Amino acid sequence: MTERIIKAKDVIITFEAITIHWEDGHTCAYPHRYLRLQCQCAACVGEWPNKGELDPDTIAEDVQALDCMPIGKYAIQFLWSDTHYTGIYPYTVLRELCP
């Protein structure tokens with residue numbers, strides 16, 4: 001049996017946080033930098049040639065998500081103020097990261 005994925009109902013980006021309201025009624029507020037540091041794209045995890053893993057010291061303390069868009073029925077992609085945009089955050093991962 002396949003596990004049912006709980007989907008994001010609404011994503012609100014403010015200066016303070018990225019807040020996700022989930023379809024099951026749960027709400028998570030993520031600090032911007034915290035979520036940016038969780039990116040698992042190839043560039044951030046060191047899968048591209050000549051690229052190591054993401055160094056947290058290279059991410060500004062004031063990095064912000066500027067926008068986001070759904071990816072299919074399973075994830076969200078953010079556009080970050082440091083111009084990073086290749087990371088895809090699956091709903092299952094976002095729920096696990098909920099502070």
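The following paragraphs lead through a sheet, a nonpolar core, its aromatic pairs and a set of salt bridges in a predicted model.

We start with the sheet. Three strands form an open sheet, and their order across it is 4-5-6, with antiparallel pairing. Strand 4, residues 65–71, and strand 6, residues 88–90, stand at the edges. Each of these two has a single partner strand, so one side of each is left without a neighbour in the sheet. On average, and with direction ignored, neighbouring strands of this sheet are turned by 30 degrees against each other.

Strand 4 and strand 5 can be followed residue by residue. Strand 5 covers residues 75–80, and six bridges join it to strand 4. Two partnerships show how the strands line up: Ala65 has Trp80 as its bridge partner, and Asp67 has Leu79. The two strands form a hairpin with three residues between them, and in this hairpin Gly72 takes a positive phi near 55 degrees.

Next comes the interior. The largest nonpolar core has 21 residues. The residues with the most contacts inside this core are Trp22, Tyr30, Leu35, Phe78, Trp80 and Leu94. Several elements each supply at least two residues of the core: strand 2, strand 3 (27–30), helix 2 (42–45), strand 5 and helix 3.

Some aromatic residues deserve a closer look. The whole structure holds four aromatic pairs. In one of them, Trp22 and Tyr91 meet edge-to-face, with 5.8 Å from centre to centre and 90 degrees between the planes. Trp22 belongs to strand 2 (residues 18–22) and Tyr91 to helix 3 (residues 91–97), so this pair links parts of the chain 69 residues apart. Both Trp22 and Tyr91 are buried. Beyond its close neighbours in sequence, Trp22 touches residues including Ile6, Ala8, Cys28, Tyr30, Leu94 and Arg95.

A second edge-to-face pair joins Phe78 and Tyr89, at 5.3 Å between centres and 80 degrees between planes. Phe78 lies in strand 5 and Tyr89 in strand 6, 11 residues apart. Phe78 and Tyr89 are both buried. Together with Trp80, these residues form one aromatic cluster.

Charged residues make links too. Side chains of opposite charge can pair when their charged atoms come close. A search of the whole structure finds four salt bridges. One of them joins the side chains of Asp24 and Arg95, at 3.2 Å from N to O. Asp24 lies in the loop between strand 2 and strand 3, and Arg95 in helix 3, so the pair ties together parts 71 residues apart in sequence. Asp24 is partly exposed, with a relative accessible area of 41%, and Arg95 is partly exposed at 26%.

Two salt bridges involve helix 1, residues 32–37. Glu61 pairs with Arg33, their closest N and O atoms being 3.8 Å apart. Glu61 sits in the loop between helix 2 and strand 4 while Arg33 is in helix 1, so this bridge ties together parts 28 residues apart in sequence. Glu61 is exposed, with a relative accessible area of 66%, whereas Arg33 is buried at 19%.

Asp82 forms a salt bridge with Arg36, and here the closest N and O atoms are 3.0 Å apart. Asp82 is in the loop between strand 5 and strand 6, 46 residues from Arg36 in helix 1. Asp82 counts as partly exposed at 31% relative accessibility, while Arg36 is buried, with a relative accessible area of 4%.

Conventions: Residues numbered from 1 in each chain as written. Predicted model: local features only at pLDDT ≥ 70, side-chain atom pairs only at ≥ 80, totals over all residues. Heavy atoms only, no water. Pairing = 2+ DSSP bridges. Helix = DSSP H or I, 4+ residues; strand = E, 2+ residues; numbered from the N terminus. Axes fitted to C-alpha atoms, helices over the stretch in contact; angles between N-to-C directions. Phe/Tyr/Trp six-rings, centres within 6.5 Å; stacked < 30°, edge-to-face > 60°. Buried < 20%, exposed > 50% of the residue type's maximum accessible area, 1.4 Å probe, protein only. Core = buried A, V, L, I, M, F, W, Y, C linked by side-chain atoms within 4.5 Å. Contact = heavy atoms within 4.5 Å. Lists of a residue's contacts leave out its neighbours within four places in sequence.
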